[in-house]
There are 2 protein chains.
Amino acid sequence: MTALLRRYLPVLDWGRTYSRATLSSDVMAAVIVTIMLIPQSLAYALLAGLPPEAGIYASIVPILLYAVFGTSRALAVGPVAVVSLMTAAAIGQVAEQGTAGYAVAALTLALLSGAILLAMGLFRLGFLANFLSHPVIAGFITASGILIAASQLKHILGIEAHGHSLIGILGGLAAGLDGANLVTVVIGVAAAGFLFWARKSLKPLLLRVRVPGKLADAVAKAGPVAAVVATTLAVWHFGLSERGVAIVGTVPQGLPPFTLPSFSPDLIGALFVPALLISIIGFVESISVAQTLAAKRRQRIDPDQELIGLGTANLGAAFTGGYPVTGGFARSVVNFDAGAATPAAGAFTAIGLAIAAVALTPLVYFLPKATLAATIIVAVLSLVDLRILRRTWRYSKADFVAVSATILLTLGLGVETGVLAGVIASIGLHLYKTSRPHVAEVGLVPGTQHFRNINRHDVKTDANLVSLRVDESLYFVNARFLEDLILDRISGEPPVRNIVLMCSAVNEIDYSALESLEAINQRLKGLGIGLHLSEVKGPVMDRLKTSHFLDDLNGQVFLAHYDAWQALATGDRPTLAAE
Amino acid sequence: MTALLRRYLPVLDWGRTYSRATLSSDVMAAVIVTIMLIPQSLAYALLAGLPPEAGIYASIVPILLYAVFGTSRALAVGPVAVVSLMTAAAIGQVAEQGTAGYAVAALTLALLSGAILLAMGLFRLGFLANFLSHPVIAGFITASGILIAASQLKHILGIEAHGHSLIGILGGLAAGLDGANLVTVVIGVAAAGFLFWARKSLKPLLLRVRVPGKLADAVAKAGPVAAVVATTLAVWHFGLSERGVAIVGTVPQGLPPFTLPSFSPDLIGALFVPALLISIIGFVESISVAQTLAAKRRQRIDPDQELIGLGTANLGAAFTGGYPVTGGFARSVVNFDAGAATPAAGAFTAIGLAIAAVALTPLVYFLPKATLAATIIVAVLSLVDLRILRRTWRYSKADFVAVSATILLTLGLGVETGVLAGVIASIGLHLYKTSRPHVAEVGLVPGTQHFRNINRHDVKTDANLVSLRVDESLYFVNARFLEDLILDRISGEPPVRNIVLMCSAVNEIDYSALESLEAINQRLKGLGIGLHLSEVKGPVMDRLKTSHFLDDLNGQVFLAHYDAWQALATGDRPTLAAE
């Protein structure tokens with residue numbers, strides 16, 4: 001019972017050894033992360049098409065729940081760029097931005113996402129995340145970064161534009177370009193320029209003037225806060241909001257409200273697939289960050305428990321005015337670098353954000369949306385990495401096809417189509433590759449007991465026997481292939497008396513392949529040719545023994561292929577075989 | 001050019017050597033098949049919900065086109081039970097049975113099916129059929145047989161009932177039971193009883209009274225014709241159609257008309273997925289029959305050319321008043337047994353059916369629908385074989401799950417859902433199995449150079465080195481698994497200095513797995529542990545060489561695992577290793 005409780009409540013583990021030292025590092029990390037999160041949360045809410053406070057609310061209760069149920073010690077949970085974009089794409093299909101229905105749809109999406117993650121955790125379905133191959137994830141993140149940056153250009157230009165594909169977004173921008181607001185453009189471009197400069201050049205500059213490394217790092221990371229403060233003051237002081245600069249405006253003061261998502265079956269039906277994709281993408285992003293950080297401190301995280309942690313965090317978001325959340329890369333790295341020792345750092349961050357929500361929201365009244373857009377653009381462009389195309393091209397064309405399809409379809413048709421296409425392409429290409437496995441005809445390397453491909457090595461063969469090494473598990477996708485291959489091999493050749501299948505690389509023989517082997521055996525028997533197996537693996541052999549195949553086999557099963565050679569080879573040279 | 005023509009027109013091959021002897025066997029076979037096909041074609045049209053002549057039309061031009069483009073010498077193309085059921089399910093969703101729209105939808109379905117098959121043939125996509133595993137096909141055919149038999153009960157009872165799932169069909173029958181027509185029931189039950197008896201007991205009986213084998217066989221196979229003749233005469237003679245017995249009625253006399261399918265994008269969109277499923281199921285059924293028959297005469301068929309043959313046959317059906325067709329099991333076996341030597345037998349059958357369409361249709365005016373239903377029921381119940389459940393249960397639980405899902409969902413939700421669920425279940429279970437591959441820690445069998453699982457054999461291990469044999473290709477689905485496994489293996493143990501991955505069963509390392517190996521290498525390097533590979537296959541090694549992995553590898557690649565042992569083993573016993 002205690003073990004079960006501990007498994008599902010990791011807080012019981014680290015909570016018992018909590019010390020004053022860990023407390024102070026956690027508080028320190030929390031202060032830094034809180035300062036960073038205030039503008040970031042507002043910005044991501046903007047990206048998701050939600051009111052700014054939704055971003056802050058989504059960071060408070062979810063972070064607390066993750067602290068109780070999560071296993072990573074440094075992961076910071078909250079709104080992130082890609083999930084915010086996916087949220088906008090999903091709820092944009094069922095409700096108009098700015099309406100009450102839109103906010104409720106966001107809550108429902110968080111509810112569904114939480115339920116899906118929780119179910120995956122309880123049923124230990126974390127392996128589903130493996131269906132996303134690395135190239136597909138890389139391509140998806142890159143394409144999403146481009147889409148997000150493009151979608152924020154409207155705030156920099158001060159115009160209205162919508163669209164979920166790159167062409168749609170750019171078309172919207174082009175159509176609205178006449179209405180661009182010059183002051184907004186100046187603020188946005190200045191903020192973006194400053195942020196790019198701060199990200200690339202500020203730290204090296206500070207180091208050159210002998211600022212200590214840690215401080216230089218912190219100052220450079222505070223770039224977004226500086227941009228927020230400076231542009232807010234500028235708008236307030238020069239009255240720029242009256243000159244058409246869009247500002248954040250009134251953000252309600254107070255703790256996150258209790259909210260109810262919709263349980264309408266229609267809405268749930270419409271949002272289920274998007275919620276599933278958000279859950280899996282969010283989980284993959286979160287677990288990669290968590291594993292990377294845990295490895296640095298030789299800690300382990302439990303993927304299934306992570307699902308539970310993220311699931312409860314999303315359920316929390318659904319009932320406290322938020323939207324789907326996950327573990328974010330940037331915020332987690334900052335948290336880790338700032339010295340967060342336990343999930344309590346997250347709890348303190350939540351307290352910090354709660355104070356901000358209660359006391360500080362009037363301060364962002366004059367914050368220009370263009371500044372938030374600039375922080376998003378600078379943040380997401382670091383996600384864009386097209387080198388994956390060149391790397392996969394060199395290493396594996398199948399992976400290249402998968403990553404290209406993901407990028408093109410994400411840009412062209414939006415995030416959901418893109419990620420689904422990537423998954424389908426990866427699985428399809430894998431099945432296609434295994435449907436035409438490599439099969440080598442092998443011969444004996446003289447003076448050894450080893451067998452090698454007759455086309456690559458100078459080996460001994462025998463008129464009496466054809467040795468085929470199948471380099472793939474035998475299953476339904478390639479069952480017929482083997483049948484065709486063997487029947488082709490024996491037709492038109494000088495007569496062969498025995499065929500030996502060398503099964504050292506056959507990790508499975510499923511029922512379809514069993515039936516194919518039975519068919520091959522029957523046909524060869526009809527032709528007076530023996531069928532033998534060698535080097536069958538233990539688990540494969542165990543299963544074959546449950547069928548009649550071995551009883552009916554017109555041949556033997558040899559432990560080593562050399563045994564088969566010794567038993568069956570006659571010493572006749574193949575060229576003399578047409579006796 | 002000639003070679004290309006010969007490839008796409010197999011008729012040029014067998015046509016050149018056509019002799020008087022082959023002519024007479026072909027004509028003989030055609031006469032027998034024609035007699036068998038007349039009632040069968042009417043019956044399958046009834047099953048598809050189409051007027052009876054559609055079944056005959058679907059057997060004339062398609063069979064001619066297949067004779068030109070197909071490669072099987074005995075395959076008889078035309079309406080078959082499962083495809084007729086799938087046709088009814090597909091077009092029942094877009095049009096009301098008995099309307100002109102329904103017949104046009106059937107033509108459009110044949111057009112789409114033909115186009116899909118032709119495209120698959122030209123682009124050599126025949127391997128797509130491999131995605132249907134044998135158990136899924138077996139389950140689907142069995143469940144379809146049950147559905148078809150149930151759907152025909154309404155004709156035996158003489159009532160109206162609809163439904164595409166077993167529950168729907170049985171519910172419809174129960175609701176309409178009060179309206180059952182006693183005379184119809186008597187005819188239907190008598191016909192079905194007679195046909196079952198003819199199928200099971202007539203041939204043995206004839207043999208016992210010394211009728212020669214071939215004749216006994218022919219008489220037994222003529223059962224349906226006898227039932228048709230007897231019940232038609234009974235209805236005509238006793239005027240039973242006035243007592244509520246549904247009859248075939250007027251069938252237009254004449255050759256197949258020229259018809260135009262609809263090219264409406266809406267209709268094509270609605271029918272595309274059903275057409276794809278019909279094409280693949282039809283192709284799988286046809287190719288199995290063709291391969292079985294070809295093997296008996298040591299002939300080969302070309303699957304991609306078969307797609308072209310079936311594709312043109314379906315296009316022919318679309319323009320001559322038919323509906324989707326494929327190579328049928330029963331008719332092909334009869335054709336083969338009757339001695340058909342070339343596809344010309346099919347052409348002669350088409351001529352026979354054309355004569356029937358022109359001259360004989362008035363004779364079936366009084367043919368009761370109950371008799372046709374009885375012939376369908378008796379024919380399809382031979383398809384039902386639930387033993388596949390027991391066999392897969394014993395051999396492989398994953399295959400059992402796939403076949404159960406296919407049967408239950410086909411019966412419960414209809415043919416399309418059923419076959420899709422089967423495909424998804426097969427692929428999903430395959431991915432799931434390969435996502436958790438068997439990994440054995442191996443040690444040296446004393447006195448040999450062989451390595452075996454340390455948990456199964458008494459082998460030598462070494463404190464300095466952990467040898468892991470991975471029994472699966474490394475690809476995205478299991479990339480993370482290996483990472484977790486190795487990190488688990490090295491945590492908490494007495495320190496290990498070297499890990500060797502034995503790759504004899506690794507047939508592929510995709511880009512995701514490469515990145516995982518890179519991550520493993522980095523982490524192990526950080527811990528001062530070497531990572532080595534052994535027995536890497538040629539194609540896998542070729543690919544690894546295109547990446548930086550081998551340059552960064554904190555260890556070596558050994559040709560044989562024994563080489564790794566000799567280079568790395570220190571001779572320390574593992575239990576003494578905590579030095």
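Three exercises with worked solutions follow, on a predicted model with chains A and B.

Local features in this model need pLDDT of at least 70, side-chain atom pairs count only at pLDDT 80 or more, and totals for chains, interfaces and linings use all residues. Residues are numbered from 1 along each chain as its sequence is written, and chains are lettered from A in the order in which they are written.

**Exercise 1.** Determine what rotation superposes chain B on chain A.

*Solution.* Superposition is by least squares on the C-alpha atoms of residues with pLDDT of at least 70 in both copies. A rotation of 180° with 0.1 Å of shift along its axis brings chain B onto chain A, with an RMSD of 0.1 Å. That is the relation of a two-fold axis. In chain B, the residue closest to this axis is B:A505, at 2.1 Å (C-alpha).

**Exercise 2.** Describe how the chains meet.

*Solution.* Residues are in contact if their C-beta atoms, placed from the backbone, lie within 7 Å. By this rule, 45 residues of chain B touch 44 residues of chain A. The largest share of the chain B side, 6 residues, comes from α19(B). Finally, 96% of the interface residues of chain B are also interface residues in chain A, so the copies meet through the same surface.

**Exercise 3.** Decide whether helix α16 of chain A is largely enclosed or not.

*Solution.* Helices are DSSP runs (H or I, at least four residues), numbered from the N terminus. A residue is buried if 20 or more other C-beta atoms, placed from the backbone, lie within 10 Å of its own. In α16(A), 12 of the 13 residues are buried, so this helix is largely enclosed by the rest of the structure. Its cover includes α3 (20-48) and α5 (81-92) of chain A.

Note on methods. Two residues are in contact if their C-beta atoms, placed from the backbone, lie within 7 Å. Helices (H or I, at least four residues) and strands (E, at least two) are DSSP runs, numbered from the N terminus.
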